[in-house]
Each structure stands twice: as C-alpha cells, then as structure tokens.
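I opened a new notebook page for this structure. My plan is to look things up one at a time and jot down each result.

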Amino acid sequence: MQGSKKPITRLPEKELVALFALMMSLTALSMDAMLPAFPFIAESLAIVDYQQTQWIVSAMILGMVFGEIVFGPLSDAIGRKKSILIGISIYVAGSVIALLASSIEMFLLGRMIQGFGVAGPKIASRALIRDLYKGAAMARIMSFVMMVFILVPLLAPSIGQLVLQVADWPWIFALLIAQASIAGIWLLLRQPETLLKENRIPLSRKRLIADVRVILARRDVMAFTVLLGCIFAGLILHISTAQSLFQDVYDTGERFPLFFAMLAIGSAIINFSNGKIVLRVGMLRCVIGALAVLLSTSFVLLLVTLYFDGVPPFALFMGLGMVMFSCFGMVFGNVNAMAMEPLGNMAGLGASLISSLSSVIAIVLATIVGQFYDFTVTPLASGFVIFSIIALLMLRYGYQFSQRHGEE
C-alpha cells in the first residue's frame with residue numbers, strides 16, 4: 001500500500017516503554033493488589049469456601065478472554081489508540097461496580113467487566129508496538145515493557161496491604177481507577193495513532209473469518225500460543241494459591257507481600273537482561289534456556305516437596321521459587337514476539353487470538369490443578385512440571401514448522 005510508506009511518529013523510547021508499561025501493568029496490579037485483601041473480601045461478601053476466592057483472579061481473566069476476542073479486530077478497524085481508550089473506560093466502569101459490590105455475584109461481575117476492559121490496552125498496545133518495531137527490536141521493547149509488568153508483583157501486594165492499613169478493601173479499586181485514568185490521559189495527549197486509515201481493516205464477518213483461518217493455520221503461531229498458555233497457567237496457579245500458601249501454610253502473616261515480591265525479583269532482573277541478550281543470541285535460544293531451567297527447577301521442587309510430605313522448608317521453597325519465576329521474564333516477552341512476528345497487518349487480530357486462546361488454556365489448566373490444592377506445595381510443583389514439559393514440546397514443534405514454512 002502506498003499509505004504504508006508514510007512515516008509513523010514515535011514517542012521517545014523511554015517514554016513509550018513507561019507509558020505502555022503503566023497500561024499493561026493494570027492487568028498484574030488488578031490481580032496482585034487483591035491478594036492481601038482475600039480474607040477481607042471473603043468476610044465482607046460472605047465467602048465460606050476458600051476455593052471460591054480463586055475466582056477473584058479467574059473471573060477477571062475470564063472477562064479478559066472475551067475482551068481479547070473483541071479488541072484485536074477492533075484495533076485493526078478503528079486504530080490502536082481509540083481501542084485502548086475504549087478499553088480503559090470499560091475497565092474503570094468494572095472497577096466502580098466491584099468497588100460498590102455488596103454480594104459475591106456483583107463483585108465477580110465487576111471483575112469480569114474489569115477483565116474485559118483491560119484487554120483493550122493489553123491487546124492494542126502489543127499491536128501498536130508491532131506497528132513500530134519488528135524482530136529483535138520488537139522483542140527488546142517488549143522485554144522492557146514486560147520487565148515493568150513483572151516488577152509490579154514486587155509492589156502490588158504491599159500497595160494492597162498498605163491500603164488495607166488505612167482503609168477498607170474497596171479503596172484498592174479506587175487506586176486502580178486512578179492508575180487507569182492517568183494512563184488514558186497520557187496516551188490521549190502524547191501517543192500518535194500508528195495504524196494509518198488506509199491500512200485499517202474494516203469490520204467484516206467474512207474478512208474476519210478468513211483472517212482467523214489464516215492465523216489458526218499457522219501452526220507455529222498456535223504452538224507458541226499454547227506455550228504462553230502453559231506458562232500463564234503456572235502464574236495463575238501461583239497467584240490463586242499464594243495468599244494461602246504464605247499465610248496459612250508458612251504462617252508469614254503481614255510479611256506475605258515481602259516474600260511474594262521476592263519471587264518476582266529474579267524475573268525482573270532476567271527480563272531487563274533479556275532486552276540486551278536477545279539482540280546477541282536470538283529469541284529461540286533465550287526461550288530454550290529459560291524453559292530448560294524452569295523444568296529442571298520445578299522437578300527438583302516436586303521431589304523435595306514429596307520428600308517433606310508436601311511442605312518443604314520455607315527457605316528451600318523460596319530459593320527454588322525465585323529461580324523458577326526468574327524464567328518467566330525470559331519467556332513471555334520473547335514468545336509473544338515470536339508469535340506476533342509472522343502476522344503483519346493482522347497484528348491486532350493476531351494479538352487478540354493469541355491472548356484469548358492462551359488465557360483460555362491458562363484458566364483451564366490452572367483451574368484443574370487448583371482443585372487439587374490441599375494446603376501443600378505439591379499441586380503447585382506438579383503443575384509447573386507438567387506445564388514446562390508441554391511448553392518445551394510446543395516450542396520445538398513451533399520452531400520446526402516456522403523453519404519449514406520459511407524454506408517454502
């Protein structure tokens with residue numbers, strides 16, 4: 001297209017990373033800041049069974065699945081910027097509903113609307129970055145954004161607990177509303193649209209179905225999507241059981257946010273390094289190394305857990321856990337870039353399908369394993385072993401297909 005030759009205005013790289021890290025971190029903050037509030041939410045909304053508190057996380061992710069299906073094609077049709085702003089508006093509305101909820105049903109409805117809305121900045125931001133960068137350069141930018149995204153767990157539970165010390169749990173949602181509003185205003189004032197009008201794809205059922213078939217036919221993209229789903233499943237499983245593991249099993253009390261944050265330190269460091277390493281050794285080697293370490297470490301944790309009847313010494317659990325979670329930073333940014341690379345002008349729809357399918361896979365896997373939670377570390381360690389094996393198999397299959405496809 002002739003319009004595609006027009007230059008696209010870019011923000012300075014540091015500002016771009018800061019803006020999109022702020023928007024994309026809404027997802028993690030909306031999950032992790034809730035963790036210290038689980039007991040208070042359960043008491044306020046009359047939740048008796050602990051298993052039901054896992055839906056505080058799962059309901060939001062379920063809403064995100066539907067949002068991801070919508071916002072990908074929408075961002076291809078109306079542009080990235082408008083899609084993000086619409087998503088932020090819906091997210092704020094869901095936050096208000098959850099803030100005012102007086103029943104578990106209303107609360108979960110608010111969480112689902114939150115998840116639906118947050119899919120806007122989550123999906124359209126990736127497509128916007130894909131508009132501006134390609135290949136290793138895109139992986140580098142995504143790594144820096146994901147570094148901040150993963151740094152959020154370092155602060156989110158502490159922020160939630162700090163709010164609880166001076167106010168009730170609904171004020172956590174007020175804080176989320178403030179962050180979303182700042183991100184939306186920043187985007188509105190500073191970030192130009194990156195998808196030119198002549199390059200947009202009108203919403204058409206026939207065209208949409210045709211494009212979906214093209215993307216689904218890319219077995220490498222689908223393999224990388226399953227890989228992302230497996231790793232995301234481990235993260236959901238961890239978040240859903242973390243409050244109980246730290247406070248009920250290991251009796252950490254108010255130090256829970258500190259120990260939860262410690263598990264994310266390695267991931268943040270590795271993600272920061274990934275932005276430089278990926279330019280030297282490539283995305284594939286980075287992912288292979290990270291998944292190999294994740295599998296071997298989680299297998300050791302499982303053996304140790306079984307030896308200690310389900311509850312290994314806390315220092316050993318933390319040490320192995322920090323190594324395991326350090327691998328997340330290397331996987332998410334690189335695999336997202338690998339999956340998005342072949343999609344070209346279908347980046348919006350592609351990001352939508354990749355995120356929604358990986359989220360569905362993650363919810364299913366995490367929910368199945370989460371039902372076996374018995375106030376021990378065994379389900380968590382077992383889940384990570386299973387997820388890591390599947391992820392490695394999908395990486396091999398996806399890479400082999402992409403190589404054959406490239407040769408053709």
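**Entry 1: a residue on the surface.** I began with Ile69. Ile69 is partly exposed, at 45% relative accessible area. My scale is this: buried is under 20% relative accessible area, exposed is over 50%, and partly exposed is in between, with a 1.4 Å probe and protein chains only. Ile69 sits in helix α3. I also note that helices here are DSSP runs of H or I with at least four residues, strands are runs of E with at least two, and both are numbered from the N terminus.

**Entry 2: ground rules.** The model is predicted, so I keep its limits in view: local features need pLDDT of at least 70, side-chain atom pairs count only at pLDDT 80 or more, and totals for chains, interfaces and linings use all residues. Residues are numbered from 1 along each chain as its sequence is written, and side-chain values use heavy atoms, with hydrogens and water left out.

**Entry 3: the patch.** Which residues join Ile69 in a nonpolar patch? I found Phe66, Val70 and Met112, and with Ile69 they have about 330 Å² of accessible area together. Helix α3, residues 55–78, gives the largest share of the patch, three residues. Patch members have over 30% relative accessible area and no salt bridge; nonpolar side chains (Val, Leu, Ile, Met, Phe, Trp, Tyr) are joined within 5 Å, like charges within 9 Å. The areas come from the Shrake-Rupley method with a 1.4 Å probe, and for residues only the protein chains shown count as cover.

**Entry 4: the whole chain.** I counted 14 helices and zero strands. Of the 408 residues, 58% are buried.

**Entry 5: salt bridges.** A salt bridge needs a side-chain nitrogen of Lys or Arg within 4 Å of a carboxyl oxygen of Asp or Glu. How many are there by this rule? The count is five. I looked at Glu68 and Lys122, whose side chains meet at 2.7 Å, N to O. Glu68 is in helix α3 and Lys122 in helix α5, 54 residues apart, so the pair links distant parts of the chain. Both residues are buried.

Next came Asp131 and Arg80, at 2.8 Å, N to O. Asp131 lies in helix α5 and Arg80 in helix α4 (residues 80–100), so this pair ties together parts 51 residues apart in sequence. Asp131 is partly exposed at 23%, whereas Arg80 is buried at 1%. Asp76 joins Arg80 and Asp131 in a network of salt bridges. I also noted Arg218 with Asp220, their closest N and O atoms 2.6 Å apart. Arg218 and Asp220 are both buried.

**Entry 6: a serine in α5.** Ser125 is in helix α5, residues 104–132. Is Ser125 buried or exposed? Ser125 is buried, at 0% relative accessible area. Its side chain reaches the backbone oxygen of Pro121 at 2.4 Å.

**Entry 7: helix α7.** Helix α7 covers residues 170–190, 21 in number. From first C-alpha to last it reaches 31 Å, close to the 30 Å expected at 1.5 Å a residue. The expected span is 1.5 Å times one less than the number of residues. Its buried residues include Ile172, Phe173, Leu176, Ala180 and Leu187. Seen down the axis, the buried residues of α7 fall within an arc of 165 degrees, so they line one face. The arc is taken from the directions from the helix axis to the C-beta atoms. The face turned away from the buried side carries exposed Trp171, Ile182 and Leu189.

Notes: Polar contact = N/O pair within 3.5 Å; in protein donor to acceptor, adjacent residues only side chain to side chain.
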